[in-house]
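This report covers the pockets and cavities of one protein model. The sequence and structure are shown first, followed by the open sites and then the enclosed ones.

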Amino acid sequence: MNLTWRTQNGISVSDTHSLIIYLLIILIFVVLSATVGRRAGCHALCWMAPFMVIGRRIRNVLAWPSLRLGTEKENCIQCGSCTKACQMSIEVMDLVQIDKIETQDCILCGSCIDACQKKVIRFAFSSGK
Ligand code: SF4
Ligand code: SF4
């Protein structure tokens with residue numbers, strides 16, 4: 001792997017204007033990450049997110065069978081590992097406690113499933129009813 005391929009002195013922008021735009025974009029993401037949390041772009045910038053949220057709501061209202069998260073909250077020891085592992089900064093442990101893990105921000109990445117030693121969270125194909 002050549003990390004400096006097609007760059008000048010290790011920098012891939014060729015003029016000052018490009019460098020300013022590049023730094024501005026970096027700054028936007030740094031500020032967003034500090035204020036919104038992990039995957040700030042998904043939360044606050046992604047133009048596809050509204051369509052995905054609407055689609056998810058329609059799915060839930062019509063109770064279409066689909067991939068979801070399921071829980072067995074009686075096995076939860078409230079260690080917080082699921083919340084810590086969540087890519088989308090979702091308070092997973094709190095949702096497990098109220099037995100309502102479905103949330104529009106969840107991208108079904110499975111990180112909380114992997115993080116849970118007690119196998120409280122699992123993937124389930126169901127209508128959610
Ligand atoms: S990682 Fe598992 S046991 Fe720990 S809080 Fe989350 S659901 Fe509960
Ligand atoms: S599946 Fe991923 S995004 Fe969804 S709650 Fe678990 S860790 Fe968070």
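## Largest pocket

The largest pocket holds about 300 Å³ of space. Its lining is made up of 13 residues, and those closest to the pocket centre are Ala49, Met52, Gln104, Asp105 and Ile107. The model is a predicted one.

Two helices, H2 (40-44) and H3 (49-62), each supply at least two residues of this lining. H3 gives the most, with four residues. Sorted by class, the lining of the largest pocket comprises eight nonpolar, two polar and three charged residues.

## Second largest pocket

For the second largest pocket the computed volume is about 260 Å³. It is lined by 15 residues, with Arg68, Leu69, Glu102, Gly128 and Lys129 closest to the centre.

Here the contributing elements are strands: E1 (66-71) and E2 (121-126) each provide at least two lining residues. The largest share, four residues, comes from E1. The class breakdown for this pocket is three nonpolar, six polar and six charged residues.

## Largest cavity

How many cavities of 30 Å³ or more does a search of the whole structure find? The search returns two. The largest cavity contains about 110 Å³ of space. Its lining has 16 residues, and Leu69, Cys86, Ile90, Cys106 and Cys112 lie nearest the centre. Helix H5 (92-97) and helix H6 (111-115) are the elements that give two or more residues to this lining.

No charged residue occurs in the lining of the largest cavity, which divides into 12 nonpolar and four polar residues. Leu69 appears in the lining of this cavity and also in that of the second largest pocket.

## Second largest cavity

The second largest cavity has a volume of about 70 Å³. Cysteines in its lining are Cys76, Cys79, Cys82 and Cys116. The lining also includes Ile77, Met93, Val96, Val120 and Ile121, together with Gln78, Gly80 and Lys118.

By class, nine residues of this lining are nonpolar, two are polar and one is charged. Met93 and Val96 belong to this lining, and their numbers fall in the range of helix H5 (92-97). Ile121, another lining residue of the second largest cavity, has a number within strand E2 (121-126).

Terms used
Residues numbered from 1 in each chain as written. Chains lettered and ligands numbered in written order. Predicted model: local features only at pLDDT ≥ 70, side-chain atom pairs only at ≥ 80, totals over all residues. Heavy atoms only, no water. 1 Å grid on protein atoms, 1.4 Å probe; cavity = no way out; pocket = protein on both sides within 12 Å on 5 of 7 lines; lining within 4 Å. Points joined across faces, edges and corners; volume = space filled by probe spheres on them. Nonpolar A, V, L, I, M, F, W, Y, C, P; charged D, E, K, R; others polar.
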